[in-house]
Amino acid sequence: MKTNQYQEEQQEMNEEMLAAVAKLTRAGFLLLIVLIVLFWQNYTLIFKKDVPDKTLTSIDYILPITLSETAQKGKTIFIANCAACHNKNMRDDLTGPALGGVKEKWAAYPRQDLYKWIRNSQAMIQQKHPRALALWKDWNPTIMNSFNSLKDDDIDAIFAYVEEVYAAR
Ligand code: HEC
């Protein structure tokens, strides 16, 4: 009789212990899932902090923004003439430098200088224009195409587009 009662107690304790272990396992499992999800979500933040994403060059990845009429015209000219070398996100370098904020970099010089650069960059380098020389120091021997046929208006439209995209991101 005594053994039986002892055994019953033992059995009860075992069951309680098993239930507790099961609870702990479930909790551990849930915690693991939470950790995996958190890790997954932050993976790029933890491991790829300073690596610019070179794949983000498509115009489509830029959030839909409403372009002014001028910028819309500039977009067409930019895609046809400049996008092969200048990143469409206006922030990352490609074959040529990112164009976002470029107007400020030329603000110290007459407005015509930037137009001249686009029509014939090598001529500006030969004339030892300070901005042209600084660019050439970083980017030679890559030569930018000359765009003699672009009017001032066309170039203004390109930079309206550049700045609207740059400001939107
Ligand atoms: C063949 C590639 C190529 C094409 C096409 C091209 N560029 Fe460039 N661009 C460059 C390179 C490379 C530089 C850096 C300077 C150098 O190496 O001459 C540059 C520099 C510039 C700069 C000076 C940036 C700064 O920081 O001051 C501007 C502005 C610019 N390009 C505008 C344009 C525009 C606008 C178009 C289209 C009409 C265009 N580029 C087409 C390659 C290109």
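**View 1. The largest nonpolar core holds 11 residues.** This view comes from a predicted model. The core is made up of Ala71, Phe78, Cys82, Met90, Leu99, Ala157, Ile158, Phe159, Tyr161, Val162 and Val165. Two helices, H2 (69-81) and H7 (152-168), each supply at least two of these residues. Helix H7 gives the most, with six residues.

**View 2. Ala71 has contacts with Ala160, Tyr161 and Glu164.** These are the contacts of Ala71 once its neighbours within four places in sequence are left aside. Look for two names from the first view: both Ala71 and Tyr161 belong to the largest nonpolar core.

**View 3. Another core lies apart from the largest one.** This core has six residues. Trp117, Ile118, Met124 and Ala132 are among them.

**View 4. Helix H4 has three named buried residues: Leu114, Trp117 and Ile118.** The helix covers residues 111-119. Seen down the axis of H4, the buried residues fall within an arc of 95°, so they line one face of the helix. A general rule helps when reading this view. An α-helix has 3.6 residues a turn, so residues three or four places apart point the same way. What covers the buried residues of H4? The cover includes helix H5 (121-126), helix H6 (130-139) and H7. Trp117 and Ile118 also appear in the six-residue core of the third view.

**View 5. The ligand has 25 residues around it.** Which of them come nearest? They are Cys82, Cys85, Gly96, Trp139 and Met144. One of these, Cys82, is also part of the largest nonpolar core. Helix H3 (102-105), H4 and H6 are the elements that give two or more residues to the shell around the ligand. The largest share, four residues, comes from H6. How many residues of each class does the shell have? There are 15 nonpolar, eight polar and two charged residues.

**View 6. The protein chain has seven helices and zero strands.** Step back from the close-ups to place them in the chain. Read along the sequence, the pattern is α-α-α-α-α-α-α. The chain has 169 residues, and buried residues make up 15% of them. Now take the contacts in the chain with a separation of 6 or more. Residues 24 or more positions apart account for 69% of these contacts.

Conventions
Residues numbered from 1 in each chain as written. Predicted model: local features only at pLDDT ≥ 70, side-chain atom pairs only at ≥ 80, totals over all residues. Core = buried A, V, L, I, M, F, W, Y, C linked by C-beta atoms within 7 Å. Buried ≥ 20, exposed ≤ 12 C-beta atoms within 10 Å, placed from the backbone. Contact = placed C-beta atoms within 7 Å. Arc of directions from axis to C-beta. Near = placed C-beta within 6 Å. Nonpolar A, V, L, I, M, F, W, Y, C, P; charged D, E, K, R; others polar.
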